[in-house]
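Reader: Please show me the model, and then let me ask how each label in its description is earned.

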Amino acid sequence: MLHLVLFLVFAAICVAGAVNLLVQKHPISSALSLVVVMASLAVEYLLLGAEFVAAVQVIVYAGAVMVLFVFVIMLLNAGEEETTKGSRVALVLGVPGALAGGLLVAWVLIRHSGDTALSLGALPGYPKTIGWLLFHEFLLPFEVTSILVLIAILGAVFLAAKPETPPAPTGRKG
Amino acid sequence: MTPSLHLWLIPALPLLGAAINGFFGRRFSRQAVSGVALTFAGAAFLMALYVAARFSSLELPYTEFLAHWIRSGSGPHMFVAEFEFYLDQLTLVMLLVVTGVGFLIHIYSVGYMWEEGGFYRFFAYLNLFMFFMLTLVLAGNYLQMFIGWEGVGLASYLLIGFWFTKDSAASAGKKAFIVNRIGDFGFLIALFLLIKHFGSLNFGQVFTSISQKPGESTGFGLLTSIGLLLMVGAAGKSAQIPLYVWLPDAMEGPTPVSALIHAATMVTAGVYMVARSHVIFDRAPNALTVVAIIGTLTALFAATIGIAQTDIKKVLAYSTVSQLGYMFMACGVAAYSAGIFHLMTHAFFKGLLFLGAGSVIHAVGGEQDMRKMGGLRQYIPITFITMSVATFAIAGIWPFAGFFSKDEILARAYQANPAYWFIGVTTAFITSFYMFRLWYMTFWGDYRGRDSAGHGHADPHGHQGHGDPHESPMVMLVPLMILAVLSFTGGWVGIGGRFEHFLAPVFGEGASTGATEALSHGTEIILVTISLSAAVLGWILAYQLYLKRPELPQKIADMLGGLYQAVVHKYYIDEIYATLFVKPLVDGSTRILWHGVDQGVIDAAVNDAADGARHVSDAARHMQSGNLRSYAGWVAAGGAVVIAYMIWMGVR
Amino acid sequence: MVPISYYLILSGILFACGVIGFLIKRNIITIFMSIELMLNGVNLSFVAFAAQWGHLSGQIFVFFVMVVAAAETAVGLAIIIAVFRTRETLNVDQVNLLKL
């Protein structure tokens with residue numbers, strides 16, 4: 001009972017945040033709504049017993065990635081979104097298509113998953129167990145992701161660096 | 001087993017000459033070109049003589065196999081055609097005529113064409129013609145004969161249009177080839193019928209199969225159809241009604257070409273083919289009657305046109321058509337050996353007439369209109385003498401060659417049906433008339449050409465300010481003299497029926513319709529007298545009209561009015577053909593085939609396909625808008641489709 | 001006891017919101033955020049299935065998805081900054097040099 005109530009409350013908050021992201025005009029408002037979504041998702045993970053994942057969600061996603069988003073929005077001084085006439089296709093074809101695809105997938109998944117009910121904290125994801133898996137079964141992906149992160153850092157630094165301005169010509173030669 | 005005669009050499013040698021002159025002749029000197037051409041033509045003639053020498057020791061008919069050619073199908077319906085040669089008495093006669101007269105004309109051409117451009121081309125074509133004609137004559141099956149048949153048509157086209165920059169010459173060449181093709185169509189269908197019903201085109205096999213069939217006395221059976229279709233082909237090649245219209249136009253070509261192709265050899269291919277196929281015609285009397293009627297009518301018709309022509313070559317052209325009519329008349333009454341006899345003598349005297357005409361034209365600096373000639377016998381005596389021999393020969397005066405062959409035909413025609421004989425004698429009278437007309441207008445009286453500068457029309461052979469007419473060089477005169485001797489003596493092989501006897505094994509004379517009993521000696525004397533008188537009458541009439549009282553012809557022409565006009569304009573046959581056949585064909589082709597099919601269907605299909613592709617791509621390119629969101633839209637929609645498909649696949 | 005289908009429906013809603021946001025929004029940063037929303041939706045269903053089948057590898061995968069998302073965000077935002085420098089605009093409809 002408590003499980004269901006908690007789930008529904010935080011699911012509602014999640015969906016509200018997602019919809020708000022779509023509705024808001026200013027990107028900073030959308031960013032903050034996204035933070036709300038992530039936080040509520042962390043609670044959902046906790047309800048399923050994935051404590052480590054919930055913690056990482058808050059720390060990495062809400063704490064680092066969203067902070068990065070907010071930084072960039074502030075940096076670029078993004079203003080309110082202008083309404084420009086963009087693409088008719090996106091609206092006419094894309095939205096119904098997305099909805100249809102989403103509905104289909106959802107329908108299939110629901111049909112095939114039966115009526116399994118999950119209990120509170122169904123699969124406890126202790127840091128110890130996860131750590132053990134990471135360093136034994138999933139060692140290769142783990143190491144590869146570290147290289148991926150390195151590449152991302154290099155790429156980001158290079159792409160976002162200020163372009164070099166040629167040194168101002170000095171008065172005398174030599 | 002007789003050792004091989006290597007018959008393949010006879011056509012191959014001129015082919016080699018044509019190849020050498022054709023590919024390399026441009027860089028040769030005139031002497032080299034003529035040397036090559038004469039060598040190979042002469043070599044062919046020598047080979048023919050060699051064959052003649054070995055002839056009596058051969059077992060006839062002598063066949064020689066050269067190479068495999070066609071093997072189509074399998075089992076009992078397999079069709080086989082080989083490259084093979086067939087030699088019998090008929091072939092030998094044709095061989096000697098073609099190579100002999102051909103060689104003489106080659107020699108003559110060296111002199112005649114010396115000043116012309118494209119010297120090497122002319123001799124290459126001439127040798128090429130010899131190759132095809134010899135292939136035709138020596139062929140061992142109808143298919144090989146057809147190669148030669150088509151090939152001589154090609155050579156004729158090339159040579160008639162030798163001066164291709166001239167519109168009239170180019171058109172004449174086209175006309176000859178196209179009209180020939182109409183006849184070839186009939187020939188081809190006959191060949192198809194032969195293949196279907198007898199399974200082969202080889203002479204030996206076909207004739208053996210046919211001779212086992214009974215004759216068709218009534219109606220239009222298979223053999224009659226084949227015979228008629230073969231006659232269509234012969235009518236095209238040998239310029240009979242209704243396909244003779246190309247021969248007068250063919251005079252646009254150089255005169256040696258007219259002599260060789262359109263007098264002595266190519267046009268006789270039709271007669272040769274009918275004679276060769278006598279086995280078919282012997283069993284199809286209706287077809288034979290049609291042959292005879294066509295031949296007789298053509299003879300008369302062409303002769304009447306000849307009396308009003310003023311161009312010396314055109315007179316000879318219509319004369320050729322008329323004489324070919326005689327040959328077909330002979331074949332039509334199953335007197336094949338008489339037809340071949342006339343073919344041989346005609347080659348001599350008509351070839352001589354054309355070569356002599358060329359000499360005359362050369363003498364007066366290119367003029368071909370007889371009204372501007374006259375009195376030439378003082379200037380060009382040798383030409384005069386040789387042409388006189390030929391004129392007497394063609395008129396059928398005893399003891400020249402034409403007398404014997406023409407009389408042979410007339411006698412056999414009388415035996416078959418006196419109507420043929422009557423028309424034949426009338427034609428002989430007209431022939432004699434127009435030939436002597438030509439003789440008088442050209443060589444007697446006063447020279448009428450001194451005022452006109454003498455620029456010839458069809459034969460650009462003159463020089464400016466020619467002065468007096470002069471005799472031709474020896475290289476042109478020697479062939480004239482040799483042919484004159486042959487025109488005088490050539491008929492004597494027919495005395496006592498020796499020629500007929502020689503060809504008898506080929507034709508099995510006497511096994512055909514009618515003509516089984518020989519004419520009584522008295523009847524023969526009467527017939528000969530009548531035809532001789534007709535010839536002499538023609539001579540006298542020509543003398544009266546063209547020497548004694550030259551103002552008479554104009555008065556007679558005015559008196560006859562419209563009839564005379566019709567004859568001068570060749571009975572407007574060319575105009576009738578143009579309206580009836582040519583114009584509708586050209587119009588229909590332009591409107592239906594060109595605008596309708598080529599532009600409307602084919603071009604439209606291609607253009608519309610291109611347009612369609614353009615429209616489709618025009619519509620599709622909107623997908624590549626450069627706009628991120630539309631890309632996303634497409635991806636979302638596509639993703640939904642893929643998911644749906646996968647679900648559907650999974651559900652099935 | 002919450003049936004798993006609830007979690008999946010929630011996941012689907014989040015994903016659909018993300019896609020629609022991607023299609024509707026014009027500000028490129030907002031579009032990027034919609035991508036993050038999509039990823040989160042997927043993460044939720046991974047964890048739900050892991051709980052259903054009792055396999056921890058579902059959660060491990062979530063871990064890796066987060067790492068990748070972080071890396072991608074870093075690089076993506078760097079690109080956006082570079083584009084902003086040249087085009088002076090964050091409106092994605094005006095970044096259309098590929099237009100025919």
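The questions below go through burial, pairing, contacts, confidence and domains.

Author: This is a predicted model: local features need a pLDDT of at least 70, side-chain atom pairs count only at pLDDT 80 or more, and totals for chains, interfaces and linings use all residues. Residues are numbered from 1 along each chain as its sequence is written, while chains are lettered from A and ligands numbered from 1 in the order in which they are written.

Reader: What makes Ser258(B) count as buried?

Author: A residue is buried if 20 or more other C-beta atoms lie within 10 Å of its own, exposed if 12 or fewer, and partly exposed in between, with C-beta atoms placed from the backbone. Ser258(B) has 30 other C-beta atoms within 10 Å, so it is buried. Its place in the chain is helix 10 of chain B, residues 255-264.

Reader: Which residues does Ser258(B) touch, beyond those up to four places away in sequence?

Author: Two residues are in contact if their C-beta atoms, placed from the backbone, lie within 7 Å. On that basis Ser258(B) touches Ala250(B), Met251(B), Gly253(B), Ala263(B), Lys313(B) and Phe354(B). A separate value is the C-alpha to C-alpha distance from Ser258(B) to Leu355(B), which is 8.6 Å for two residues 97 apart in sequence.

Reader: Why are the buried residues of helix 20 of chain B placed on the same side?

Author: Helices (H or I, at least four residues) and strands (E, at least two) are DSSP runs, numbered from the N terminus. Helix 20 of chain B spans residues 498-507, and its buried residues are Phe499(B), Glu500(B), Leu503(B), Val506(B) and Phe507(B). They cover an arc of only 95 degrees around the axis, so they are on the same side of the helix. The arc is that of the directions from the helix axis to the C-beta atoms. Exposed residues Arg498(B) and His501(B) are on the face turned away from the buried side.

Reader: What covers the buried residues of helix 20 of chain B?

Author: The cover includes helix 3 (89-112), helix 12 (278-282) and helix 15 (336-363) of chain B. After helix 20 of chain B comes Gly508(B), with a positive phi near 50 degrees.

Reader: How do you know that strand 1 and strand 2 of chain B are joined?

Author: Two strands pair if DSSP finds at least two bridges between them. Strand 1 (residues 62-72) and strand 2 (residues 79-87) of chain B are joined by 9 bridges and run antiparallel, so the criterion of at least two is met. Ala67(B) stands opposite Phe83(B) in strand 2 of chain B. The two strands form a hairpin with 6 residues between them, and Gly73(B) in the turn has a positive phi of about 80 degrees.

Reader: What joins strand 1 of chain A to strand 1 of chain C?

Author: There are 2 bridges between strand 1 (residues 117-118) of chain A and strand 1 of chain C, and the strands run antiparallel. The criterion is at least two, so these strands pair. Leu118(A) has Val2(C) as its bridge partner in strand 1 of chain C.

Reader: How many residues do chain C and chain A bring to their contact?

Author: Chain C gives 60 residues and chain A gives 73. Helix 3 of chain C gives the most to the chain C side, with 21 residues. That side divides into 46 nonpolar, 11 polar and 3 charged residues. Ala, Val, Leu, Ile, Met, Phe, Trp, Tyr, Cys and Pro count as nonpolar, Asp, Glu, Lys and Arg as charged, and the others, Gly among them, as polar.

Reader: And how many residues are in the contact of chain B with chain A?

Author: It takes 14 residues from chain B and 13 residues from chain A. By class, the chain B side has 8 nonpolar, 5 polar and 1 charged residues.

Reader: Where in chain B is the pLDDT below 50?

Author: pLDDT is the predictor's confidence in each residue, from 0 to 100. Chain B averages 85, and 94% of the residues score at least 70. One stretch below 50 is residues 452-465 of chain B, which has 35 contacts in the model beyond near neighbours in sequence. Residues 510-516 of chain B also stay under 50.

Reader: What are the domains of chain A?

Author: They are domain 1 (7-79) and domain 2 (126-161), with bounds that come from an automatic or database domain assignment. Their C-alpha centres lie 22 Å apart.
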